[in-house]
Amino acid sequence: MRTTIFFGLALALAACGDDDAPATDAGSDASDDASVVDAGMDAGPEPGPSRPATAPYVQWVDPLIGTGGLGFGVGSVSPAPQTPFGLVRPAPDTTQHDGAPGFSHCAGYYYPDPLIMGFSQIRAHGMGIPEYGLIALMPTDGMTNTKTHQDGYRQAYAHENETVEVGLYDVTMDDGIRAEITASDHVAFHRYTFPTETDPTVILDLGHRLDQVQILEAELTIDPDAQEVWGSVLGGGGYARRRGGVRLYFVARFDSPFASHGVFVDGATREGDHVEGTTSGAYFRFDDTHVEVAVALSFTDLDGARANLEAQLAPFDDVRASTVEAWESHLSRVRISARSDEELRVFYSALYRSLLMPTLAMDVDGRYRGLDHEVHQVPLDGEGSPAFRYSTDHSLWDTYRTQVPLLSWLFPELQRDMVLSLVQMGHDGGYVPRWPLGTNYTGGMVGDGAALQVADAAVKGVQGIDYADALERLRVTADGPTPPGAPFGGRAGITGYLSRGWVGIEEAGASASWTLEMAYADFALARLAEHLGEDALRDSYDERAGYWRNLWDADRGFLLGRNVDGSFPESSTNRWEDFYAEGNAWQYLFFVPHDLEGLADVLGDDFFPRLDRFFQESTRNTSTVFPNQWYWHGNEPDIHAPFIYAALDEPEGTWRWGRWVSRTYYDDTPDGLPGNDDAGTLSAWYVFAALGVYPVTVAADWYALGSPLVTYAEVDLPSGGTFVVDARDGSDRAWRVREARWNDAPLSRSRIGHAELAAGGTLTFDMEE
């Protein structure tokens with residue numbers, strides 16, 4: 001998902017490209033690029049010795065990876081301390097002297113910025129549109145009317161005075177004030193240390209916002225005797241405002257009495273304990289130079305926020321230790337060896353980012369506010385605890401491709417919670433969503449990612465889910481349109497898709513993408529019906545899964561948008577045409593992950609030469625500032641493409657291009673991602689690629705084999721078994737796989753079944769130059 005600000009720039013860039021080079025001509029110059037890629041790996045530096053990552057594994061995580069980048073290469077990574085899939089993500093929101101444009105500040109923090117404009121309590125991770133960044137605190141020296149706005153209290157800082165680790169953000173700003181932050185599931189903990197000879201003051205700014213985010217309502221109340229302040233904010237960016245914004249409730253408690261306090265609104269301070277308004281806030285003065293404050297959040301109500309605070313209030317260092325322990329228990333499931341410390345950092349940071357979002361949306365007692373904006377209760381188990389963790393902020397157009405299969409395989413207990421949340425949303429709001437944000441349907445992006453997520457869980461044996469009920473909920477939007485005025489638009493162009501087999505250009509924007517995505521989702525629904533023994537329903541969805549063929553223009557040799565009357569319009573193969581979602585004809589040519597054999601049959605002898613050209617051309621320009629017109633790893637539609645070769649038993653292309661992508665677009669710097677992480681999608685891609693297995697087809701029971709980046713790995717499996725990857729001779733020189741074996745038995749195909757990976761065993765790669 002990308003910010004709309006850069007859409008026009010991308011279109012302009014694409015318009016300058018080579019629109020219609022012959023589809024089947026790989027080109028002599030392009031073919032030479034393969035040897036360049038080979039030479040770049042074969043002739044690289046002598047590989048270092050393999051080294052294991054040592055415990056604690058949190059030490060290998062750098063939360064600042066992906067917090068920088070330029071243009072479409074912005075990672076939008078959240079550096080905030082948080083628990084796995086927790087609610088609060090407290091961290092600084094940063095800015096340049098002349099502002100903080102939304103495209104580079106979707107997560108609030110942007111590494112190149114020199115100024116901190118407050119520490120907000122919640123943010124999204126890896127999104128391409130600014131959201132949240134609400135309820136900001138700012139420690140400062142004294143209070144003036146100028147400081148009633150974030151431009152007035154912002155403060156310079158330098159990265160050499162900043163420490164960012166799992167469970168901790170710590171910075172000493174240029175004014176000498178130190179801010180340390182950690183988090184539990186629902187509560188952000190701040191610890192401020194002021195220099196002597198200052199007037200220790202903490203500002204609570206409800207008017208604080210990110211670019212493109214609006215504050216629609218805000219109010220707070222102060223109880224000086226309890227050293228508390230509570231209230232709510234209604235706000236949102238381009239997604240949240242589609243249904244009126246998202247309301248967050250908060251209760252904050254300080255550890256020190258107020259020497260004095262006041263409120264402000266519209267740029268003026270005054271005495272008082274209550275204030276309302278979109279520019280409102282409060283300030284608190286202290287006699288102590290050490291001040292701590294805990295801020296609990298809730299989507300539900302003030303009672304929920306207070307209950308969350310009471311349940312999780314603890315000393316700062318204890319909270320941090322508990323959060324680190326939670327992360328260690330997740331990260332230590334995978335223990336790898338690699339040839340450099342950088343590789344270890346890139347891997348564990350990717351695994352960490354894969355578990356940041358979705359967002360916990362229920363309170364400690366299991367109450368939550370549903371997509372119908374009513375309060376509901378998660379069912380309780382026999383011990384009176386919520387039976388699952390209800391979550392929101394599911395970036396499904398992105399995450400179904402990589403994060404979802406990663407959860408199904410390594411973290412099925414987390415996958416169960418995600419699926420149950422989506423199904424519950426279907427009951428509460430009437431429709432299983434595509435991109436729920438906070439308490440809202442947004443209708444963001446295209447396709448039916450929820451169908452792929454549920455089916456992947458079913459095919460891979462995730463327990464504790466009523467799959468018959470899930471299928472029934474998914475069919476509400478899969479089998480017909482939603483009524484006028486519904487809070488969710490469902491599948492765009494579904495009527496035409498069902499009646500003729502494709503979405504007409506006149507019926508919906510991104511019509512070709514909608515057709516291809518729906519065909520993929522219908523494949524997933526067929527697998528879900530098959531899992532339930534619903535053979536007739538399986539056959540019906542399998543037929544619809546073949547509708548991708550209706551976009552094949554044999555004259556042009558591409559999958560193109562099609563008019564209702566069946567005609568194909570004149571179009572470019574390199575531009576972002578209106579009938580695609582964030583891509584062009586080349587990038588969507590290979591987007592039939594569920595029927596690669598069928599696609600290869602349609603393209604015939606041209607299939608692999610065109611796939612080769614797709615990658616070879618992409619090596620000419622590896623900048624991520626603008627979208628590559630060929631293979632573009634910074635976005636989702638084609639990220640499975642390096643593994644198509646192995647899926648179709650031509651594995652050398654996967655060895656070459658999978659490793660090339662990994663080495664070209666990932667590193668351990670703030671620019672270390674090639675684009676928005678999209679809630680962990682690009683990070684989960686790397687985890688799979690590094691281990692040498694990849695889920696080319698979601699909701700299928702097999703993985704393609706690649707060229708592992710690790711030299712050795714042990715993965716603790718939920719089954720109790722251990723999955724071992726042994727590629728001890730592998731390196732950037734020895735990247736070819738001479739033979740792959742499962743438990744010492746040679747594999748006849750470049751695939752391995754999910755049953756094998758889930759049960760455990762040893763996957764050996766004999767590597768050579």
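The pLDDT is the predictor's confidence in each residue, on a scale from 0 to 100. For the predicted model described here, the protein averages a pLDDT of 95, and 94% of the residues score at least 70. A stretch to read with care is residues 3-32, where the pLDDT is below 50. In the model this stretch nevertheless has 58 contacts beyond near neighbours in sequence.

Charged pairs offer a good way into the structure. Side chains of opposite charge can pair when their charged atoms come close. Across the whole structure, a search finds 50 salt bridges, and a few of them are worth a closer look. One of these joins Arg 178 to Asp 170, with an N to O distance of 2.6 Å. The two partners differ in their surroundings: Arg 178 is partly exposed, its relative accessible area being 32%, whereas Asp 170 has a value of 9% and is buried, because buried means under 20% relative accessible area.

A second bridge pairs Asp 479 with Arg 544, whose closest N and O atoms lie 3.1 Å apart. Asp 479 sits in the loop between α11 (467-478) and α12 (494-500), while Arg 544 belongs to helix α14 (residues 535-545), so the bridge ties together parts of the chain that are 65 residues apart in sequence. Here the acidic partner, Asp 479, is partly exposed at 30% relative accessible area, and Arg 544 counts as buried at 8%.

In a third bridge, the side chains of Arg 738 and Glu 768 meet at 3.6 Å, N to O. This pair also links distant parts of the chain, with Arg 738 in strand β30 (residues 736-742) and Glu 768 in strand β33 (residues 761-768), 30 residues apart. Arg 738 is exposed, with a relative accessible area of 52%, and Glu 768 is partly exposed at 32%.

Some salt bridges share partners, and in this way Asp 448, Arg 475, Asp 479, Arg 491, Asp 522 and Arg 544 are joined into one network. The pair Asp 479 and Arg 544, bridged as described above, thus takes its place within that network.

Turning to the helices, α5 covers residues 316-331, 16 residues in total. From its first C-alpha to its last, helix α5 reaches 23 Å, close to the 22 Å expected at 1.5 Å a residue. Its buried residues are Phe 316, Val 319, Thr 323, Trp 327, Glu 328, His 330 and Leu 331.

How values were computed
Residues numbered from 1 in each chain as written. Predicted model: local features only at pLDDT ≥ 70, side-chain atom pairs only at ≥ 80, totals over all residues. Heavy atoms only, no water. Contact = heavy atoms within 4.5 Å. Salt bridge = Lys/Arg side-chain N within 4 Å of Asp/Glu carboxyl O. Buried < 20%, exposed > 50% of the residue type's maximum accessible area, 1.4 Å probe, protein only. Helix = DSSP H or I, 4+ residues; strand = E, 2+ residues; numbered from the N terminus. Expected span 1.5 Å × (residues − 1).
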